[in-house]
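Thank you all for coming; I would like to take a few minutes to walk through one model with you, starting from the overall fold and then moving to individual residues. Please keep the sequence and the structure in view while I talk.

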Amino acid sequence: MPTTPARQRLKDLLKTRELVVAPGVFDGISAHLTKRTGHAAAYLTGAGVAASGFGLPDIGLVTATEMAGRVAMITDALGDIPLIADADTGYGAPINVVRTVRSYDAAGAAAIQLEDQVFPKRCGHLPDKQVVDAAVFEQTLAAALDARSDDALLVVARTDARAPLGLEAAIERANRYARAGADIIFVEAPQDAGEIERIAREVEAPLLINLVLGGLTPLQSAGRLQELGYAIAIHPGNLLAQATFGMLQSLCELNGTDIAGHLPTTPGDFFNLVGMAEWLDRDVRYARKDPSWA
C-alpha cells in the first residue's frame, strides 16, 4: 500500500532531528484548531478521548473500535498533518493487536502507540500501574509490525516500567523494544530532570516524551528537549485542560457557584470529574475473592 502524505511528513520531520511538538487532540474542533494554528503534528490522547468522547476515566474502558473511529474522524480533520495515535495495550492478545493496527492503519494514523501495561491499563501518571513481562510485549510489537500495510506507519513502543520496576528496568526495556523493531521509544513518567537526561543518554532510539500538566514528569522547554536529542514531545492535556476550565467557568457563572471546588490540579483530580473514583470502587468490589462478599 502506498504511504500517505501525513506519514511521509512525519518521517521527514523526524529526519530533520528538530523536536516535533504534538498537542493532544481528542475531537473534531481540537484537530481543526491544531491544523489552523500551524502545528506540525498532533497526538490523539486516549485520556482525552475517554473523557470527552465517552465520559470515562483513562483506566482501560474505551474499546479498540471506539478509538479507531475517533482516529478516522481526526485524521480527516487534520488532512496532511500527521497523527500519532494512542492505542493503549493494543486491546488484547497479539491477534487483537493485529486487528487494532489494521484499523488504525486504515483510519490513516501516521504512528500507533502501544504500551506494556497489564490490561486494563491506567493513565501513565496514576498510581498502581502494572506491566507485563517484556517478552510478552515483544509479541505485541511483533504482531503490530507484521500487521501494518505500510512501513511508514510508525510504531511507538511505550514502557510504563518506571513506576513499578524503577528507571533501570524502564531503560532496559526501552532498548529491548528498540531492538525488537519499534520505530520510536516512549519511557513514560520519568520523575525528575535527571531521569529525563539519563533516558536521552542511554536509550538508543528516537525518543518521545510525554509532558502532562500536573503529572509526574517535570515540564521541560522545547529548547532543552532539543538539546537532549528527543524526537517528539507530546502535550496530551493542554487543550483538554483549557477546555475543561472554560466549561467549568461558564457553568459556575450560570448558577452562581464557586469554581474553586471543581478545578482539577492532578490527572487523578481530572479523572474524578468523569467518575474514576466510582469505577475504581467497582474494580475493588469485583476483584474480591470471597464469594460471601455480597
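What you see here is a predicted model, and its eight strands close into a barrel, taken in the order β1-β2-β3-β4-β5-β6-β7-β8, with parallel pairing. Going from one strand to the next, the twist averages 25 degrees.

Let me go through some of the strand pairs, beginning with β6, residues 184-187, and β7, residues 207-210, which pair in the parallel sense over two bridges. Within this pair, F186 has L208 in β7 as its bridge partner. Helix α1, residues 5-15, packs on the sheet, where the strands that it touches include β1, β5, β6 and β8, and the direction of the helix makes about 65 degrees with that of β5.

Moving on, β7 and β8 also pair in the parallel sense, here over three bridges, and L208 stands opposite I232 in β8. The chain passes from β7 to β8 by way of helix α10, residues 222-228, and this β-α-β crossover is right-handed. As for the pairing of β1 with β8, these two strands run parallel and are joined by four bridges, with I234 in β8 as the bridge partner of A22.

Now to the aromatic side chains. How many aromatic pairs does the count come to? The count comes to two. One is formed by F137 and Y177, a tilted pair with 4.6 Å from centre to centre and 55 degrees between the planes. This pair links distant parts of the chain, since F137 belongs to helix α6, residues 134-147, and Y177 to helix α8, residues 167-179, and the two are 40 residues apart. Are these two residues buried or exposed? F137 has a relative accessible area of 2% and Y177 one of 0%, and because burial is set at under 20%, F137 counts as buried, and so does Y177.

F270 and F271 form an aromatic pair as well, and this one is edge-to-face, with 5.5 Å between the centres and 70 degrees between the planes. Both F270 and F271 are buried. While we are on rings, I would also point out W279, because the charged end of R282 sits over its ring, 4.7 Å from the ring centre.

Let me turn to the loops and to the backbone. In the loop between β4 and α6 we find P120, and the peptide bond leading from F119 to P120 is cis, with omega near 0 degrees.

Two residues other than glycine deserve a look for their positive phi values. R17, with phi near 60 degrees, is in the loop between α1 and β1, and at 72% relative accessibility this residue is exposed. Y91, with phi near 70 degrees, is in the loop between β3 and α5, but here the relative accessible area is 14%, so Y91 counts as buried.

Finally, please look at G38, which has its place in the loop between α2, residues 28-36, and β2, residues 42-44. Its relative accessible area is 61%, and because the cut-off for exposed is over 50%, G38 counts as exposed. In sequence G38 and I81 are 43 residues apart, while in space their C-alpha atoms are 9.3 Å apart.

Conventions:
Residues are numbered from 1 along each chain as its sequence is written. This is a predicted model: local features need pLDDT of at least 70, side-chain atom pairs count only at pLDDT 80 or more; totals for chains, interfaces and linings use all residues. Side-chain values use heavy atoms; hydrogens and water are left out. Rings of Phe, Tyr and Trp (its six-membered ring) pair if their centres lie within 6.5 Å; planes under 30 degrees apart count as stacked, over 60 as edge-to-face and the rest as tilted. Buried means under 20% relative accessible area, exposed over 50%, partly exposed in between (1.4 Å probe, protein chains only). A charge sits over a ring if NZ of Lys or CZ of Arg is within 6 Å of the ring centre and within 35 degrees of the ring normal. Two strands pair if DSSP finds at least two bridges between them. Axes are lines fitted to C-alpha atoms, for helices over the stretch in contact, and angles run from 0 to 180 degrees between N-to-C directions. Contact means heavy atoms within 4.5 Å. A crossover is right-handed if, with the strands pointing away from the viewer, the path from the first strand over the helix to the second runs clockwise.
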